[in-house]
Amino acid sequence: MPHGYHGCYLRIDVSQPAASERVQLSDDVLRQCLGGSGLGARLLLEEGVGSDFPASDTPENHSRPHFPDPLSPEAPLIFAFSPLVGSPLTTSAKFAVVSRSPLTGRFNDSLASSGFAIAGKRAGCDAIVIVGRAPRLSVLVIDDGNVRLEAADDVAGESCPVTEERLRARLGTDYRIASIGPAGERAVRYATISHDGRHAGRGGSGAVLGSKNIKAIAVRGTQRVEWAQPRELTELSRDLSKRSFGPATAKYRELGTAANLLTFNRFGTLPTRNFQQGTFDEAPNLSPEQLRTEYSRTRASCVACTIGCEHIYSLGGSNVRIEYENLFALGSLCGVSDHAAVLRASQRCDELGIDTISTGGTIAFAMECVERGLLDEPWLTFGSGAALLKAIDLIGAREGLGQLLADGSRRAAEVIGQGSIAFAPQVKGLEIPGYEPRGLQTMALGFAVGARGADHNRSGAYDVDFSDKVDRRHATLDSVGYAIETEDKAALMDSLILCKFLRRVLEDFHGESAAMLRAVTGWDVTADELRETAQRIVATKRQVNLLAGWTLAEDTLPDRFLNTPLPNDPEASLTRERLNDLVAEYHRQRGW
Amino acid sequence: MYVEFLGIPRERAGISEMELEAETLGQVLGQISARCPGLSELITSEGLHPSVVANLNGDEFVKSLDTRFAEDDRLLILSADAGG
C-alpha cells in the first residue's frame, strides 16, 4: 500500500449499521484515480452497476441497467478523501461528496473543506460509502471507524449551524460534523451538505443524505498515515505556503470572489434578470467595495489554508459568508439591488442548506415566468427583495410555490410548459453559474459538456476567455483544446485534492503536483502520468453518465443563449450551429 | 485615452480610472506606475505581472508593450483570475 492512504474504504449500510465493512482498495486503483472526485467516481461506478462495470463506451453498455434512483435507499453516497489530506500542504483539507444527482440524474461531485476531511481520514479510511435508509431520522456516528446510529430528534428541522453546535455539545468537541438543513430533510433537489459554514453545494447531495434519513455525520479518529518523504514534503509545503501569500491570490484575500461582480458587469457578462441582460445598473451597490462600507467584515480560512478567501459580513447580530456566486444568483440574476436583502437571502440559504446558485437561478426563472404571464404568482417580481426571501422560505419548506421550485428550474419548466424550457437557466438540470455564456464562449462550451451540468468549478474555461488566447465572443475550434485543458486540470485538482485558488500559484501545475504526490505516496509519478490520470477521471465521470442514460443531445445550452444576442452587446452572439460544432470537436478530441 | 482599474488593480491604484496621453501599452504602464506607486508590485519592466491582464475597450486582451492605442481608447486593467 502506498504512503498517504489507508488502502480501504468504509462501507456503511445505514439500514443495518452493525454490518459495516472495510473494503480494500488496491494500489493500482488508488494510483489510477487518486482520491476526491476521481476515487468517488470510481466507487460510484462499482457500487452503482456492480464490480464488472464496463470498461468501454459501446452501444451494448448503453442498454445496461441504469443506476437506482438517486433518492432510493440503494443509491450510494460517497465521501472521498485524498492522499494529501492531513499533510502540511496548504488547502489540502478537502473532501468530495459523490453520487448521482437528484437534480440532474447525472454524475455529481461537490467539494467542501476543513476539519471533516481530516477527521474522516483519521477514522482509518480513504472514503466512506453510505447506502441504505435508516429507520428514522438519525445521526451517523463514526468513532475511529466504529459505526453507530443515534437519534436525531433534537436536531430535526434545525439549521446546519445549530445542528453542528448541538451535536458537538452532545458528542464532544473533537467530532467534526457534516449535516443537512431542513431542505435536505425535505428532499429539495439542490440541498447541500454543510460543514463548518462551508457547503458541498451543487447537485443536491444534501437531498441524497436526507433520503437515507441521515441528518448528520459525526466523525473522529486517531489513525494517521505516514508520508513517504517527510523532509521533502515539509520543504514543498513551506514553499507553497510562502508563494500562496503573493499577488496571484491577492484577489481572494482582499476582496474575495465577489471581486468578479464589477469586473463582469464592466464586460457585460454579469447575468442579470434571468440572463435577459449582461449588465446590472445597480451592480455597484452589491460590490464588495460597497459592502465593506456598510457592514463590518472579517476574514477566515479553511483548516490548513494560507489563502484566507472567506469574507464574512455581520448582519443583524449574526454572520454571513459572501461569495460572487451568492451576489450574482440572489442579486443581479433576480434583479435585486438591496444588499441587505441579498445578504439575508444568502444567510437563509445557508441556514436551510440549499445551493445559492440553483436557488437564485430557479427563482429568477420563476420571476420571468410571472413577467410573461406563465405563472400566476404576482408577488414574485424581479427586483423585490421581499419576494426573493419569501420564495427561499417556501422552497425550504416545500410549501406552495416552493413545492414546484424545490425541484429546480428544469422540472419547473416541464410543469409550467408553454415553451418556458427555452429560458430555464440550466444545463442537464443544473442551474448556470454567474458567467454569461454568450460573452464567454469558451466557458459556454465548458458548460455544455460538463458531466455534472453547467458549472464553473469543473471547467475553468472562463480563464481562457479572460486572456489573449481566444476571442471571448467568437469561439472557434481553437477554443476546444483550451476548454479540455481546464476541465482536465479541474478534475486533477478535485482528486488530489487542492484548492483551485492555487492554480495561478502553481506555475508548473503538473510537475509540481507530481512532486507533491511523490513526496506523499512514494510513487514515481510524473507530470505526464498526471495528465493521463486527469483524462481518465473525466472519462470515468462520463462513463457514469452513459450508464445513467446520457445522450449527446444533453451537451447543449438552453435556446435563449442560441437564439438571442446579448441586448447590450450584439457581438456576443452564439448560434446553435457554432455550439454544435464546438461540442462535436470536443468529443472528437476526447476520442469519444 | 482612459485607463480603468478593476478589482485588485483598483485597490492598489486607489482610483477607478485616470486619463492620460500615451500611444503604446508600454507608455501606459510607465505612466500609471509613476502616478500610482501602489501598482508597482503589479507592473514590471517586462509588462504586467501574470496575476493581472489588460483589455482594450472590453474587446481584445493585449499583452505586447508595443500595442498601439487611439486617442479615444479605454484600457481596462484587471485581475487575471476570474474564478468565483
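**A five-stranded sheet in chain B**

Strand E5 of chain B, which spans residues 52-56, is mostly covered, with 4 of its 5 residues buried. The model is predicted, and this briefing follows strand E5 of chain B into the sheet to which it belongs, an open sheet of 5 strands with mixed pairing.

**The sheet as a whole**

- Read across the sheet, the strands of chain B come in the order E2-E1-E7-E5-E6.
- The edges are formed by strand E2 (17-19) and strand E6 (60-62) of chain B, each of which pairs on one side only.
- On average, and with direction ignored, neighbouring strands of this sheet are turned by 25° against each other.

**Strand E5 and its two partners**

- Strand E5 of chain B runs antiparallel to strand E7 of chain B, which covers residues 74-79, and 5 bridges join the two.
- Within this pairing, B:Ala54 has B:Ile77 of E7(B) as its bridge partner.
- E5(B) also runs antiparallel to E6(B), and here the two strands are joined by 3 bridges.
- B:Leu56 finds its bridge partner in E6(B), namely B:Glu60.
- E5(B) and E6(B) form a hairpin with 3 residues between the strands, and in this hairpin B:Asn57 takes a positive phi near 60°.

**The pairing of strands E1 and E2**

- Strand E1 of chain B, made up of residues 2-5, pairs with E2(B) in the antiparallel sense over 3 bridges.
- B:Tyr2 stands opposite B:Glu19, a residue of the edge strand E2(B).

How values were computed:
Residues numbered from 1 in each chain as written. Chains lettered and ligands numbered in written order. Predicted model: local features only at pLDDT ≥ 70, side-chain atom pairs only at ≥ 80, totals over all residues. Pairing = 2+ DSSP bridges. Axes fitted to C-alpha atoms, helices over the stretch in contact; angles between N-to-C directions. Buried ≥ 20, exposed ≤ 12 C-beta atoms within 10 Å, placed from the backbone.
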